[in-house]
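Biologist: I should like to learn how to read the features of a model such as this one. Could we take them one at a time, beginning with strand pairing?

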Amino acid sequence: MSDTRRRFRDCLGRFATGVTVVTVEHGAGVHGATVGSFTSVSLDPPLVMVSLDRRSRMCGLLTDAPSFGVNILAAHQEDLALHFAGRPRPADAPVSWDPDAAGPRLAGCAAHLDCVPWAAYDGGDHVLHVGRVRAFSTRDAEPLVFHGGAFRLLDTAPGHHAWAGTLDGPADGAWSSGTAALHIPLGH
């Protein structure tokens, strides 16, 4: 890597990001990749974007997948970030999946988005994959943060709420926290 490219990469590393694992079912298995380049794109329709190296296996899998998941990692999941970045966990420490999820969702994440491919764009040496969110969930968990080439913890105040919802169907969506429901009209 040239000195200028290394300095540019270090410059970009000054921007703190959350850590995600993008997951996709392929054949008889589930594949995942740690991705720091994730962002919201639109609320109406609900769209998110992940950026994947075009040479990566995940980029090819995501291009052909009917759906994919974005798992926003919690602070205690640094080992999963490393696992899906190419440093596998020991065989006696398998990855835990949420058995109640419709698609591949890692257990214990801070949030999860279930997406269908919307569009893919040329991003130089990366492909920008936009997904339409059809369902999501959150839980009260500190996020895993990446900054300056290292994992960090974010100190947040207590009092978070867990939410779950689906975004398919009519313009009005319903999310619930426990037994109380919050109705949010999508598109307003």
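Modeller: Strands of a sheet pair through backbone hydrogen bonds, either parallel or antiparallel. In this predicted model, β7 and β8 run antiparallel and are joined by twelve bridges. Within that pairing, His-112 stands opposite Ser-137 in β8.

Biologist: How many residues lie between the strands in the hairpin of β7 and β8, and which residue there takes a positive phi?

Modeller: Two residues lie between these strands, and Gly-124 takes a positive phi near 70° in the hairpin.

Biologist: Which strand does β6 pair with, and how many bridges join the two?

Modeller: β6 is joined to β7 by five bridges, and the two run antiparallel. One residue pair to inspect is Phe-68 with its bridge partner in β7, Cys-115.

Biologist: What is the strand order in the open sheet of three strands?

Modeller: The order is β1-β9-β10, with antiparallel pairing. β1 (17-18) and β10 (150-153) each have a single partner strand and stand at the edges, so one side of each is left without a neighbour in the sheet. Two bridges join β1 to β9 (residues 144-147); Thr-17, for instance, has Phe-146 in β9 as its bridge partner.

Biologist: Let us turn to the interior. Which residues touch the most other members of the largest nonpolar core?

Modeller: In soluble globular proteins, nonpolar side chains tend to be buried together. Here the largest nonpolar core has 19 residues, and Leu-113 and Cys-115 touch the most other members. Elements giving two or more residues to this core are β2 (20-26), β3 (29-35), β5 (46-53), α2 (57-64), β6 (68-72), β7 (111-123) and β8. The largest share, four residues, comes from α2. Apart from this core lies another, of ten residues, among them Ala-81, Phe-84, Val-95 and Leu-144.

Biologist: What does Leu-113 touch, leaving aside residues up to four places away in sequence?

Modeller: Its contacts include Phe-38, Val-48, Phe-68, Val-70 and Ile-72, as well as Val-133, Ala-135 and Phe-136.

Biologist: How should one read the two faces of a helix such as α2, and which of its residues are buried?

Modeller: One asks where the buried residues point around the axis. In α2 the buried residues are Met-58, Cys-59, Leu-61 and Leu-62. They cover an arc of only 165° around the axis, which puts them on the same side of α2. The face turned away from that buried side carries the exposed residues Arg-57, Thr-63 and Asp-64.

Biologist: Which strands do the buried residues of α2 pack against?

Modeller: They pack against β2, β3, β5, β6 and β8.

Biologist: Is His-129 buried or exposed?

Modeller: Buried means under 20% relative accessible area. His-129 has a relative accessible area of 5% and is therefore buried. This histidine is found in strand β8 (residues 126-138). Beyond residues up to four places away in sequence, His-129 touches Val-48, Met-49, Val-50, Leu-52, Cys-59, Leu-62, Thr-63, Ala-119 and Ala-120.

Biologist: Finally, what share of the 188 residues do buried residues make up, and how many helices and strands are there in the protein?

Modeller: Buried residues make up 29% of the 188 residues, and the protein has three helices and 13 strands. Among contacts between residues at least 6 apart in sequence, 58% join residues at least 24 apart. The accessible surface comes to about 11,200 Å², of which 57% belongs to carbon and sulfur atoms.

Key
Residues numbered from 1 in each chain as written. Predicted model: local features only at pLDDT ≥ 70, side-chain atom pairs only at ≥ 80, totals over all residues. Heavy atoms only, no water. Buried < 20%, exposed > 50% of the residue type's maximum accessible area, 1.4 Å probe, protein only. Contact = heavy atoms within 4.5 Å. Core = buried A, V, L, I, M, F, W, Y, C linked by side-chain atoms within 4.5 Å. Pairing = 2+ DSSP bridges. Arc of directions from axis to C-beta. Areas by Shrake-Rupley, 256 points an atom, 1.4 Å probe, with all protein chains shown as cover.
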